[in-house]
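Welcome, and please open your viewer. We will go from one selection to the next and see what is there.

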Amino acid sequence: MKQAYLLSGAPGVGKTSIIQEAIATVKGRAGGFYTREMRSQGARQGFEIITLDGYKAILAHINIHSPYQVSKYGVDIDSLDKVGVEALRRAITGCDIVVIDEIGKMELFSSAFRQAVWEALQSPKKVLGAIMLSSYPWADQIKQHPKVNVIQVSRSNHRQVLAEVVGWLEQGANWGR
């Protein structure tokens, strides 16, 4: 049984919603974070990090001036490290499931984030997340890690992938060990 399930697919196919639905379905305690688009009048302005224990921070925004850029978005590495990476570390030590949504270009600017992903994979915890579809050297290493199962998500297989993820999370579960 693989320790990590990482969902991959085009933007908007439902990776984050599968993760949220799966962790809401199972009894295990989940920690970590997911990302959400920030919109104003229908236009995407940026992305925020939302931790499963209630913290929020702006990950990237069109009005952030940063040496770290993805398209028109400036990436706030300090917010990612203080909110996202710390949520991953709390999850590794105190939860059954570590949620990493997502492992993408913006997050990979942070060496602390990359280290936290490795720590999660080295821990005995189940890791559920999303990973960028396009090829990128560090992300490709994660995709090929022997503990990782990468699942391609499309609009047509959403329910099937959700059922597979929930089954995997419940397999061998001994929540609260």
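Which strands does helix α3 (residues 111-122) lie across? Keep that question in mind while you colour the strands; what you see is a predicted model.

**Stop 1: the sheet.** Select the strands and follow the order β5-β6-β4-β3-β2-β7-β8-β1-β9 across an open sheet of nine strands with mixed pairing. At the edges you will find β5 (69-70) and β9 (148-152); each has a single partner strand, so one side of each is left without a neighbour in the sheet. Now pick out β7 (residues 97-103) and β8 (residues 126-131), which pair in the parallel sense over six bridges. For a place to zoom in, click V98, whose bridge partner in β8 is V127.

**Stop 2: the helix across the sheet.** Show α3 together with the sheet, and the opening question is answered: α3 lies across β1 (4-8), β2 (30-40), β7, β8 and β9. Relative to β7, the helix runs at about 140 degrees.

**Stop 3: a helix pair.** Add α2 (residues 77-94), whose axis comes within 10 Å of that of α3 and crosses it at roughly 10 degrees. Angles under 35 degrees count as roughly parallel, so α2 is roughly parallel to α3. Turn on side chains to see who meets whom: L80, D81, V85, L88, R89 and I92 from α2 meet A112, F113, Q115, A116, E119 and A120 from α3.

**Stop 4: aromatic pairs.** How many aromatic pairs are there? The count comes to five, and we will visit two of them. Start with Y5 and W168: their ring centres are 4.3 Å apart and the planes are at 15 degrees, so this pair is stacked. Y5 belongs to strand β1 and W168 to helix α5 (residues 158-170), so the pair ties together parts 163 residues apart in sequence. Are these two residues buried or exposed? Both Y5 and W168 are buried. While W168 is centred, add K126: its charged end sits over the ring of W168, 5.1 Å from the ring centre.

Next, select Y68 and F109, a tilted pair with 5.2 Å centre to centre and 50 degrees between the planes. Here too distant parts of the chain are linked, 41 residues apart: Y68 is in the loop between β4 (56-61) and β5, and F109 is in the loop between β7 and α3. Switch on a surface for the last view: Y68 is partly exposed, with a relative accessible area of 33%, and F109 also counts as partly exposed, at 29% relative accessibility.

Conventions
Residues numbered from 1 in each chain as written. Predicted model: local features only at pLDDT ≥ 70, side-chain atom pairs only at ≥ 80, totals over all residues. Heavy atoms only, no water. Pairing = 2+ DSSP bridges. Helix = DSSP H or I, 4+ residues; strand = E, 2+ residues; numbered from the N terminus. Contact = heavy atoms within 4.5 Å. Axes fitted to C-alpha atoms, helices over the stretch in contact; angles between N-to-C directions. Phe/Tyr/Trp six-rings, centres within 6.5 Å; stacked < 30°, edge-to-face > 60°. Buried < 20%, exposed > 50% of the residue type's maximum accessible area, 1.4 Å probe, protein only. Lys NZ or Arg CZ within 6 Å of the ring centre and 35° of its normal. Parallel < 35°, antiparallel > 145°, perpendicular 65-115°, else oblique.
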